[in-house]
Every structure is written in C-alpha cells, then in structure tokens.
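Open the model in your viewer and keep the selection tool at hand. The stops below each say what to select and what is there.

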Amino acid sequence: MSSPLIAYGPSNSLFFGGTGLFMKLLSGADQADLNYNQQRTKFLWNIFVSGCFGGFLQVTLMCPVELVKIALQTSTEDKSPWVHNANALKFEGSIHTFKTIFALKGLRGLYKGFVPMLIRDVPTGGIYFVVYEGLLPKNREDVQWYHKIWAGGWAGIASISTVLPVDVVKTRMQADDLLYPNYHNMTDCIQKLYREEGIKFFWKGLPVITARAFPAHAMLFIGYDMTMIFLGSRR
C-alpha cells in the first residue's frame, strides 16, 4: 500500500500548484494581491475556476492510484462487501496490481472511474478554495493562523460532503471485479446501487467523513502556507 500513499504528496502539489498557476493566468496578478487590486466577486470566481483546473490535474494523476489502492483493499480471499462478484484476480502489491490491470485492460483500464472522479474533484476543487477564501478576513494583513485552520477545515467539509454520493459511485466502480464487472458504466452503477441499497447508501459514512475532513484539511492549508513562506513565495 506504500506506493499509492506516496502519490498523495505529488497529487496535492499538482492541485495547489495548478490552482496557483491558473489563478495567475486569469488575474494577471499574484494571488496574495488580488483582494486589494480586484473586486472580491471576480477574485472568488477566478479562484473557483482555478480550483477546478487544479482538481482536473489531480484527477489525471490520482485515478490510476486510487484504482490500484482499492484493488488491493478488495483483493482478499473472502468476498469483499464492495464487490458483487467473486474476486477472480488476486493482487500482490502495488506494482503487480498496476501491471496486471494494464496488461488486461490497457491504459483505459487504469482510468476506470475517471468520469465520476472528474465530477467529484473538478467542481469541488473550486468549492474548496471559494469556501476557504470566503471565510478568511477580507484584509490579508488581518489573517491569523487560527483563521486558516477555521477556513481550511470548513473548506474540506464543504467540498467533500457535497460530492459524497459521487465518491460512493466511484469507489464501487473501481472496486468492481476486473474480469467480470457488475457495472457497465456510471449510470448503470447508480441505478443498481439505488435499486439494491436505497438512497441512504449514497450518504453512508457522512458523519465520520466530515469529522475527519475538518482537521485533515485545516492542517493541509497550514502546511501549504508554511511551505510557501519557507520557499519565499508568500510575503
């Protein structure tokens, strides 16, 4: 499981770096100066679009990574509750899983679940930064560390809770048997889950996920800002 986890660092770098780069392209100014130099509405719109772009970059890297991670998690001797068919394949480590999927299904197979991941991560990338920036004091000189914790935590909750049903669908599709899939596409997966589990299943785990999201994303923004200060990119 170590190899999938290693990718989360580069993934966040793509997300934050891509967002910052696109923000500069849209605004023509450094993000830190926009609250002073431009209307706040335009600033929030720009950060939303930029966050969506960052989310798209993140998906291109993380879709194969999450597929490998879920394949390993569901590759057990006993039938996994996330997989309807008996697991025909047993995976032994991240590299073996990656090679097996690529050999059987090609590059397209590694991007199984790509569409629901796009729906999950692209708009929420925008929501993520809009909520964060919207909860910070308008004057950046007034921003303290506790403001960033508060805003980052709620940004995580807002972005994750709004797309939890799509995440459930994405996980089910990626956990499906590689050789004998139960779901043909995203629409088929949604219909079967609704018919078999009901509407409540799409929101399963919401309290736990939101409880985890607040501290995790609060620390993520603090870590990001500290890194930027260390690298001299923030005043």
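Select Asp188 in this predicted model. Its relative accessible area is 13%, and because the cut-off for buried is under 20%, Asp188 counts as buried. Now add Lys192, which is buried as well, at 15% relative accessibility. The two side chains form a salt bridge, with the closest N and O atoms 3.2 Å apart. Both residues belong to helix H9 (residues 186-197), and being four residues apart they are separated by about one helical turn. An α-helix has 3.6 residues a turn, so residues three or four places apart point the same way.

**A salt-bridge network**

Salt bridges that share partners join Glu66, Arg120, Asp121, Asp167 and Lys170 into one network. Select these five residues together. Is Arg120 buried or exposed? At 11% relative accessibility, Arg120 counts as buried, and Glu66 is buried too.

Zoom in on Arg120 and Asp167, whose side chains meet in a salt bridge at 2.5 Å, N to O. This pair links distant parts of the chain, since Arg120 sits in helix H6 and Asp167 in helix H8 (residues 164-175), 47 residues apart.

Next, look from Arg120 to Glu66, where the side chains meet in a salt bridge at 3.2 Å, N to O. Glu66 lies in helix H4 (residues 40-74) and Arg120 in helix H6, so the pair ties together parts that are 54 residues apart in sequence. How many salt bridges are there by this rule? The count comes to six.

**The largest nonpolar core**

Clear the selection and pick Phe16, Tyr128, Phe129, Tyr132 and Phe221. Of the 15 residues in the largest nonpolar core, these touch the most other members. Colour H2, H4, H6, H7 and H10, as each supplies at least two residues of this core. Apart from it lies another core, of nine residues, including Val168, Met173, Leu193 and Phe201.

Go back to Tyr128 and show what surrounds the residue. Leaving aside residues up to four places away in sequence, Tyr128 touches Phe15, Phe16, Ala155, Gly156, Ser159, His217, Leu220 and Phe221.

**Aromatic rings**

The structure holds 16 aromatic pairs. Select Phe16 and Phe129: the ring centres are 5.6 Å apart and the planes stand at 85°, so the pair is edge-to-face. Phe16 is in helix H2 and Phe129 in helix H6, 113 residues apart, and the pair links these distant parts of the chain. Phe16 and Phe129 are both buried.

Now swap Phe129 for Phe221. The rings of Phe16 and Phe221 also have centres 5.6 Å apart and planes at 85°, so this pair is edge-to-face. Here the link runs from helix H2 to helix H10, with the two positions 205 residues apart in numbering. Both Phe16 and Phe221 are buried. Widen the selection to Phe15, Phe16, Tyr128, Phe129, Tyr132 and Phe221, which ring pairs link into a cluster.

**Helix H10**

The last stop is helix H10 (residues 206-230), which has 25 residues. From its first C-alpha to its last, H10 reaches 35 Å, close to the 36 Å expected at 1.5 Å a residue. Where does H10 bend by about 30°? The bend is at Ala213, and a proline, Pro215, follows within four residues.

Select the buried residues of H10, among them Thr210, Ala213, His217, Phe221 and Met228. The buried residues of H10 pack against helix H2 (8-27), helix H6 (114-135) and helix H7 (145-161).

Conventions
Residues are numbered from 1 along each chain as its sequence is written. This is a predicted model: local features need pLDDT of at least 70, side-chain atom pairs count only at pLDDT 80 or more; totals for chains, interfaces and linings use all residues. Side-chain values use heavy atoms; hydrogens and water are left out. The expected span of a helix is 1.5 Å times one less than its number of residues. The bend at a residue is the angle between axes fitted to the seven residues ending there and the seven starting there. Buried means under 20% relative accessible area, exposed over 50%, partly exposed in between (1.4 Å probe, protein chains only). Contact means heavy atoms within 4.5 Å. A salt bridge is a side-chain nitrogen of Lys or Arg within 4 Å of a carboxyl oxygen of Asp or Glu. A nonpolar core is a set of buried Ala, Val, Leu, Ile, Met, Phe, Trp, Tyr and Cys residues joined through side-chain atoms within 4.5 Å. Rings of Phe, Tyr and Trp (its six-membered ring) pair if their centres lie within 6.5 Å; planes under 30 degrees apart count as stacked, over 60 as edge-to-face and the rest as tilted.
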